[in-house]
Amino acid sequence: MSILPQHQATTIFRNRLHTRHNHRINCVVTTPIKTKPKLEPLVINTTPLVNPPKNDDPSLKSTWSHRAWVATGCTTVLASLAASVVESVDSHIWLEPVLSGFIGYLFADLGSGVYHWGIDNYGDASTPVFGSQIDAFQGHHKWPWTITKRQFANNLHALARVVTFFVLPVDLIFHDQPVVMGFVGTTSGCIMFSQQFHAWAHGTKSKLPPVVVALQDAGVLVSRSQHGAHHRSPYNNNYCIVSGVWNGVLDDNKVFEALELVLFFKFGLRPRSWSEPDSDWTEEAEDDPEISPK
């Protein structure tokens, strides 16, 4: 191993040190240039989301399927009432079945209000089971007069189908109980025909049968003036559509408002009535040329 002289080692060290000092580090910092986004012109779509159906629209017509369901629904209701009458005669009791039928009539009106409130305020067309009903009722708020254009079976078939499935087993099991049959028959009948009572509430006296007008005036069926209030701001009252007898009780005591607060604070569900009306729910007149389907 050779050892360099001291002066040579010192020279080499200085050369290396000089070389290191000559190394430069160049840093390049680039700043991105912010470009102004291109603003697209604001376009407001004034076309209604859904056009009202024409008078000859197939969606307003009754089909044989609709008629079959209404027939089966009416059969189950009549079977309940007939069983109540027959068993009342055999057992010589009348007051209890009649009273149960009256309670069923009141219960149907209350049930129609609760159901109407629910589908008016919660869910949408994609909601399981109830989606089609929710969508239909939202369209009804925009064009309420279309319900008067629907044919009878078309208007009732959905409820008739539900009545058939639920009432037929009850008829088979409790056919010998006049009180039960009186309640079931009256309740299911009023529920099934509630959509027809609803349609009559949108009619005019000159176009309604005199007996219907008399029943409306007597408060047996929901009146046109009472239900008309449901289609005016604030759109959060008069939900019952059988007789409307519960509307005053429910609205005066703010029952639905209390339920809305419970659902909001418990589940975060906000009812539509808190933000409506908007352009999708505000009623449009039947003869408005701007909404006539092209």
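This note goes through the predicted model point by point, from its overall make-up to its pocket, its surface and some single residues.

1. Overall make-up. The protein chain has 294 residues, of which 34% count as buried. Its secondary structure consists of 10 helices and 0 strands, so that, read from the N terminus, the order of elements is α-α-α-α-α-α-α-α-α-α. The points below take up the pocket, the nonpolar patch, the salt bridge, and residues picked out by their backbone geometry or by their contacts across the sequence.

2. The second largest pocket. For this pocket the computed volume is about 380 Å³, and its lining is made up of 17 residues, with T148, H202, G203, T204 and K207 lying nearest the centre. Two helices, α5 (residues 152–173) and α6 (residues 178–201), each contribute at least two residues to that lining, and the largest share, 3 residues, belongs to α6. Sorted by class, the lining of this second largest pocket holds 7 polar, 6 nonpolar and 4 charged residues. As background to such a search, rolling a probe the size of a water molecule over the atoms shows where empty space is left.

3. The nonpolar surface patch. L168, L172, I173, F174 and V180 together make a nonpolar patch of about 460 Å² on the surface. Helix α5, which also supplies at least two residues of the lining of the second largest pocket, gives the most to the patch, with 3 residues. One of the patch residues, L168, sits in helix α5; its relative accessible area is 41%, and L168 is therefore classed as partly exposed, since that class covers values between the 20% limit for buried and the 50% limit for exposed residues.

4. The salt bridge. How many salt bridges does a search of the whole structure find? The search returns 1, and in it the side chains of K254 and E257 meet at 3.9 Å, taken from N to O. A colleague checking this pair may wish to note that the cut-off is 4 Å between the side-chain nitrogen and the carboxyl oxygen, and that the N to O distance here is 3.9 Å. Both partners are partly exposed: K254 has a relative accessible area of 47%, while the figure for E257 is 34%. In general terms, side chains of opposite charge can pair when their charged atoms come close.

5. The loop between α8 and α9. This loop, which runs between α8 (224–228) and α9 (247–252), contains P234, and the peptide bond that joins S233 to P234 is cis, with omega at about 15°. Y235 lies in the loop between α8 and α9 as well, and its phi is near 60°, a positive value in a residue other than glycine. Is Y235 buried or exposed? With a relative accessible area of 8%, Y235 is buried, because anything under 20% falls into that class.

6. The loop between α3 and α4. V129 is placed in this loop, which precedes α4 (131–142), and V129 too has a positive phi, near 70°, although the residue is not glycine. V129 is exposed, with a relative accessible area of 76%, whereas Y235 is buried. G123 is found in the loop between α3 and α4 and, at a relative accessible area of 33%, G123 is partly exposed. The C-alpha atom of G123 is 9.1 Å from that of P271, although the two residues are 148 apart in sequence.

7. Helix residues and their partners along the chain. L99 belongs to helix α3, which spans residues 95–121, and at 48% relative accessibility L99 counts as partly exposed. Between the C-alpha atoms of L99 and G182 the separation is 8.4 Å, with their positions 83 residues apart along the chain. In helix α6, S188 counts as buried at 6% relative accessibility, and the C-alpha atom of S188 is separated by 9.3 Å from that of L159, the two residues being 29 apart along the chain.

Note on methods
Residues are numbered from 1 along each chain as its sequence is written. This is a predicted model: local features need pLDDT of at least 70, side-chain atom pairs count only at pLDDT 80 or more; totals for chains, interfaces and linings use all residues. Side-chain values use heavy atoms; hydrogens and water are left out. On a 1 Å grid over the protein atoms alone, a cavity is a set of points where a 1.4 Å probe fits but cannot get out, and a pocket is an open set with protein on both sides within 12 Å along at least five of seven lines; lining residues have an atom within 4 Å of a point. Grid points are joined across faces, edges and corners, and a volume is the space filled by probe spheres set on the points. Helices (H or I, at least four residues) and strands (E, at least two) are DSSP runs, numbered from the N terminus. Ala, Val, Leu, Ile, Met, Phe, Trp, Tyr, Cys and Pro count as nonpolar, Asp, Glu, Lys and Arg as charged, and the others, Gly among them, as polar. Patches are made of residues with over 30% relative accessible area and no salt bridge: like charges are joined within 9 Å, nonpolar side chains (Val, Leu, Ile, Met, Phe, Trp, Tyr) within 5 Å. Accessible areas come from the Shrake-Rupley method with a 1.4 Å probe; for residues, only the protein chains shown count as cover. Buried means under 20% relative accessible area, exposed over 50%, partly exposed in between (1.4 Å probe, protein chains only).
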